[in-house]
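The following exercises concern the surface, the overall dimensions and the strand pairing of one protein chain. Please work through each task before reading its solution.

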Amino acid sequence: MVDFFVIGSGLAGISFCEVLEKNGKTFKLFNDNSQVASKVAGGLYNPVILKRFTAAWKAKEQLELITNFYKGLETKLGVKLDFKLPVLRRFASIEEQNLWFEKADNEVLSAFLDTHLIANTNDNIDAPLGYGNVSGTGRIDTKVLLEHYRLYGLHKDFLREETFDYTALKSDVNGIRYKSTQAKYIVFAEGFGLKRNPFFQYLPLNGTKGELVTIEAPELKETSVIKSTVFSIPLGEDCYRVGATYKWKDKTNTPTLEAKKELLEKLERFLKCKYKVVEQVAGIRPTVVDRRPLVGSHPEHSNMYVLNGFGSRGVMIAPYASQQLFKLITLNTPIDSEMDCSRFTKKYYKKAE
């Protein structure tokens with residue numbers, strides 16, 4: 001018998017397993033690689049929503065956790081994951097500059113929005129009005145994280161690479177039984193895969209398809225993230241990740257020519273040098289109508305939990321939400337009401353006849 005089953009090894013599942021391991025809990029992690037949103041993500045962490053110059057949800061609390069969290073993973077896995085990168089918001093108008101200064105006076109945003117504007121010195125970028133600089137930013141290499149955590153899980157013998165069979169799951173007051181294995185609790189961290197989950201599929205999880213391209217631009221020589229109508233994120237070796245799109249109808253992981261065209265048209269509004277596309281990827285983000293995560297217990301099965309709905313901010317939200325869920329399960333400490341999945345129970349959940 002183990003303490004936990006964790007279903008899904010994206011950012012949510014890995015983050016929760018890290019909390020379990022640090023607290024001496026035993027667990028089995030299940031993954032079938034059907035969900036790729038964490039793997040193909042841009043990996044940017046940024047406390048400000050730069051379209052509207054507003055603070056991201058719980059940004060301060062999340063930033064306080066992630067440095068040590070990812071540093072611990074780097075030490076454990078023996079790889080570099082956290083790349084501290086400035087994020088520069090390209091101004092499209094004088095009105096945007098004025099709004100930046102106005103927002104910088106906000107009590108929360110003042111910690112993140114630098115009031116010393118930065119002039120553009122890169123001849124390969126069109127930014128005549130300069131940039132605003134955001135503090136506390138960087139990029140997590142999510143692809144490297146997932147690949148190396150998989151190897152770690154196989155080495156430690158807690159990872160089971162298989163498609164989880166919900167029909168083989170039995171739950172009662174004594175715990176959870178799955179085939180020949182038992183656990184006290186089960187946590188579903190499946191991303192958009194939650195739509196197939198018979199226990200939590202009542203939750204209003206939406207799938208938002210995001211696509212990104214990677215370009216090679218030897219002349220660009222830019223070391224900061226540039227945010228205009230798209231992000232341009234430096235990856236090293238003259239490569240840059242450009243994204244992302246937001247589509248609500250297509251629920252496949254297949255890249256499209258439409259998204260590629262959209263991204264490159266937006267990129268070329270400020271990029272002035274030659275480039276070539278070397279990769280295009282797509283994934284379905286697990287998003288929620290009220291833009292808050294889905295975390296908490298099942299209405300009837302008290303030993304079943306969900307950890308989901310991080311949208312495009314998984315690298316920031318996952319460690320924070322995982323800690324809160326662990327305290328809920330082990331100490332009965334209430335989680336933040338804004339992300340408690342019980343907010344949807346009355347409207348969406350129907351008890352079995």
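**Exercise 1.** State how much area the chain exposes and what share carbon and sulfur atoms supply.

*Solution.* In this predicted model, the exposed area of the chain is about 16,800 Å². Carbon and sulfur atoms supply 50% of that area. Turning to the interior, buried residues make up 52% of the 353 residues, where buried means under 20% relative accessible area.

**Exercise 2.** Determine how compact the chain is in relation to a globular protein of its length.

*Solution.* Begin with the inventory: the chain has 8 helices and 20 strands. Its radius of gyration is 21 Å, close to the 20 Å that the globule rule gives for 353 residues, and the chain is therefore as compact as a globular protein of that length. Along the principal axes, the C-alpha atoms fill a box of roughly 65 × 40 × 40 Å.

**Exercise 3.** Describe the open sheet of 7 strands, from its order to its edges.

*Solution.* First, the order is β8-β7-β15-β16-β17-β14-β18, with mixed pairing. Next, β8 (131-134) and β18 (276-288) are the edge strands, each pairing on one side only. The average twist from one strand to the next is 25°. Within the sheet, β7 (residues 87-90) and β15 (residues 225-227) pair in the parallel sense over 3 bridges; Val-87 has Val-225 as its bridge partner. Finally, helix α6 (residues 257-267) lies across β14, β17 and β18, at about 60° to β14.

**Exercise 4.** In which sense do β19 and β20 run?

*Solution.* Strands β19 (residues 294-297) and β20 (residues 304-308) run antiparallel and are joined by 4 bridges. Leu-294 stands opposite Asn-308. The two strands form a hairpin with 6 residues between them.

Key. Residues numbered from 1 in each chain as written. Predicted model: local features only at pLDDT ≥ 70, side-chain atom pairs only at ≥ 80, totals over all residues. Heavy atoms only, no water. Pairing = 2+ DSSP bridges. Axes fitted to C-alpha atoms, helices over the stretch in contact; angles between N-to-C directions. Contact = heavy atoms within 4.5 Å. Rg over C-alpha atoms; globule rule 2.2 N^0.38 Å. Buried < 20%, exposed > 50% of the residue type's maximum accessible area, 1.4 Å probe, protein only. Areas by Shrake-Rupley, 256 points an atom, 1.4 Å probe, with all protein chains shown as cover.
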